[in-house]
Amino acid sequence: MFGRFSRSVTLPRGVEADAIEAVYADGVLTVSGPKPEESKPKHIGIAGGDIGQGSGRETA
């Protein structure tokens, strides 16, 4: 089967369209690009207490 096919995809906010890359190989289209800064996970440290010691309270 031969012919034209088109599909459009809405990019999330903050994605730079110029940074998107697309590769078509072996019948598979792979589209990739960097995540916007605000959507990257952030590490938040928690101070105090030993992990695994528990609080001394039982939970139901």
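**View 1. Glu21 of strand β1 faces Ser32 of strand β2.** This predicted model pairs the two strands along their length of residues 21-25 and residues 28-32. Glu21 stands opposite Ser32. Ala22 takes up its position across from Val31. Five bridges join β1 to β2, and the strands run antiparallel. Strand β1 has five residues, and the number of them that are buried is zero. That strand therefore lies largely in the open.

**View 2. The whole chain holds two strands and zero helices.** The protein chain has 60 residues, of which 3% count as buried. About 6700 Å² of the chain is exposed. Carbon and sulfur atoms supply 53% of that area.

**View 3. Asp26 sits in the turn of the hairpin.** Strands β1 and β2 form this hairpin, with two residues between them. Asp26 belongs to the loop that links β1 and β2. What is the sign of phi at Asp26? Phi is positive there, at about 55°, although Asp26 is not a glycine. Most residues other than glycine have a negative phi. Is Asp26 buried or exposed? Its relative accessibility is 81%, and exposed means over 50%, so Asp26 counts as exposed.

**View 4. Tyr24, Leu29 and Val31 form a nonpolar patch on the surface.** Together the three residues have about 370 Å² of accessible area. Tyr24 lies in strand β1. Val31 lies in strand β2. Tyr24 has a relative accessibility of 63%, so Tyr24 counts as exposed.

**View 5. Val31 contacts residues well back along the chain, including Ile20.** Which residues does Val31 contact, leaving aside neighbours within four places in sequence? They are Ile20, Glu21 and Ala22. Ala22 is also the residue that stands opposite Val31 in the strand pairing. Glu21, for its part, stands opposite Ser32. Val31 and Ile20 are 11 residues apart in sequence. In space, their C-alpha atoms are 7.0 Å apart.

**View 6. Pro36 is a buried residue in the segment after β2.** Pro36 has a relative accessible area of 11%. The cut-off for buried is under 20%, so Pro36 counts as buried. Which residues does Pro36 touch, not counting those up to four places away in sequence? Pro36 touches Arg13, Gly14 and Val15. Pro36 and Val15 are 21 residues apart along the chain. Their C-alpha atoms are separated by 5.6 Å.

How values were computed
Residues numbered from 1 in each chain as written. Predicted model: local features only at pLDDT ≥ 70, side-chain atom pairs only at ≥ 80, totals over all residues. Heavy atoms only, no water. Buried < 20%, exposed > 50% of the residue type's maximum accessible area, 1.4 Å probe, protein only. Helix = DSSP H or I, 4+ residues; strand = E, 2+ residues; numbered from the N terminus. Pairing = 2+ DSSP bridges. Patch = residues over 30% accessible without salt bridge, like charges linked within 9 Å, V, L, I, M, F, W, Y side chains within 5 Å. Areas by Shrake-Rupley, 256 points an atom, 1.4 Å probe, with all protein chains shown as cover. Salt bridge = Lys/Arg side-chain N within 4 Å of Asp/Glu carboxyl O. Contact = heavy atoms within 4.5 Å.
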